[in-house]
Amino acid sequence: MIISKSEVKMIIRFMDSADLKSAAQIHQLTFPRQPNSLEWLQCNLNATPRFLNFVVVVNHHIVGYIIWVQKSGFRSEAVIELEQLAVHPHFQGQGIARKLINESLLLVKKQLADNDSILKHIMVTTRSDNVVQQLYKETLGAEVETTISNLYSADEVLMIARNVSA
């Protein structure tokens, strides 16, 4: 059965404990070098509100998640890191990651505002050979600041989007 785009219902919302099993399956598929997917996501969820975890649901199925983390304490001008972004391989290339970044970032900004804070900068790290760098540049305005040699499984780039409070 082919589903038209008009029939697709996509929702981005805060992750809850009932979402962990589905999110862990996506984690295993997208990050095969990282073991203990369920435990990893559980500890991030337990660290709310420092860690803000969101899922993207398409037609009642979780197809991706994003984790944002506040750095250096709760400040009036927050620096956040896009800790992890994952979309199920069958749903990649359909704009879901872009929508997940943009819509969850609005929810992050609201959460910050509710705590009398504004967003100052966004950090993200990724493998230097990861094509997702272009997505971070386009959606966040992030630019490569430095490359860290052999950090995890390869060279890692640190990207920063500066002064993004608007």
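Which residues of α2 are buried? In this predicted model, the buried residues of α2 are Ser37, Leu41, Asn44 and Leu45. Viewed down the axis of α2, these buried residues fall within an arc of 100 degrees, so they line one face of the helix. The face of α2 turned away from that buried side carries Glu39 and Asn46, which are exposed. As for their partners, the buried residues of α2 pack against the helix α1 and against the strands β2, β3 (61-71) and β4 (77-87).

The packing of the two helices can be described further. Helix α1, which spans residues 20-30, packs with α2 at an angle of about 125 degrees, and the two axes lie 8 Å apart. That angle makes α1 oblique to α2, because an angle over 145 degrees would be needed to count as roughly antiparallel, while 65 to 115 degrees would count as roughly perpendicular. The crossing in which α1 passes α2 is right-handed. On the side of α1, the contact is made by Leu20, Lys21, Ala23, Ala24, His27 and Gln28, and on the side of α2 by Ser37, Leu38, Trp40, Leu41, Gln42 and Leu45. Sorted by class, the contact of α1 with α2 comprises 7 nonpolar, 4 polar and 1 charged residues. Ser37, Leu41 and Leu45 are among the residues of α2 that make this contact, and these three are also listed among the buried residues of α2.

The backbone deserves separate attention. Most residues other than glycine have a negative phi, and most peptide bonds are trans. Against that background, threonine 48 and proline 49 are joined by a cis peptide bond, with omega about 15 degrees. Proline 49 is found in the loop that runs between α2 (37-46) and β2 (51-58).

Two asparagines, neither of them a glycine, have a positive phi, and their values are set out below.

| Residue | Phi | Location | Relative accessible area |
|---|---|---|---|
| Asparagine 150 | about 50 degrees | loop between β6 (143-148) and β7 (156-161) | 59% |
| Asparagine 163 | about 50 degrees | segment after β7 | 59% |

Are these asparagines buried or exposed? Asparagine 150, in the loop between β6 and β7, is exposed, because its relative accessible area of 59% passes the cut-off of over 50%. Asparagine 163, which has its place in the segment after β7, is likewise exposed, with a relative accessible area of 59%.

Note on methods: Residues are numbered from 1 along each chain as its sequence is written. This is a predicted model: local features need pLDDT of at least 70, side-chain atom pairs count only at pLDDT 80 or more; totals for chains, interfaces and linings use all residues. Side-chain values use heavy atoms; hydrogens and water are left out. Helices (H or I, at least four residues) and strands (E, at least two) are DSSP runs, numbered from the N terminus. Buried means under 20% relative accessible area, exposed over 50%, partly exposed in between (1.4 Å probe, protein chains only). Axes are lines fitted to C-alpha atoms, for helices over the stretch in contact, and angles run from 0 to 180 degrees between N-to-C directions. Angles under 35 degrees count as roughly parallel, over 145 as roughly antiparallel, 65 to 115 as roughly perpendicular and the rest as oblique. A crossing is left-handed if the near helix is turned anticlockwise from the far one by less than a right angle, and right-handed if clockwise. Contact means heavy atoms within 4.5 Å. Ala, Val, Leu, Ile, Met, Phe, Trp, Tyr, Cys and Pro count as nonpolar, Asp, Glu, Lys and Arg as charged, and the others, Gly among them, as polar. The arc is that of the directions from the helix axis to the C-beta atoms.
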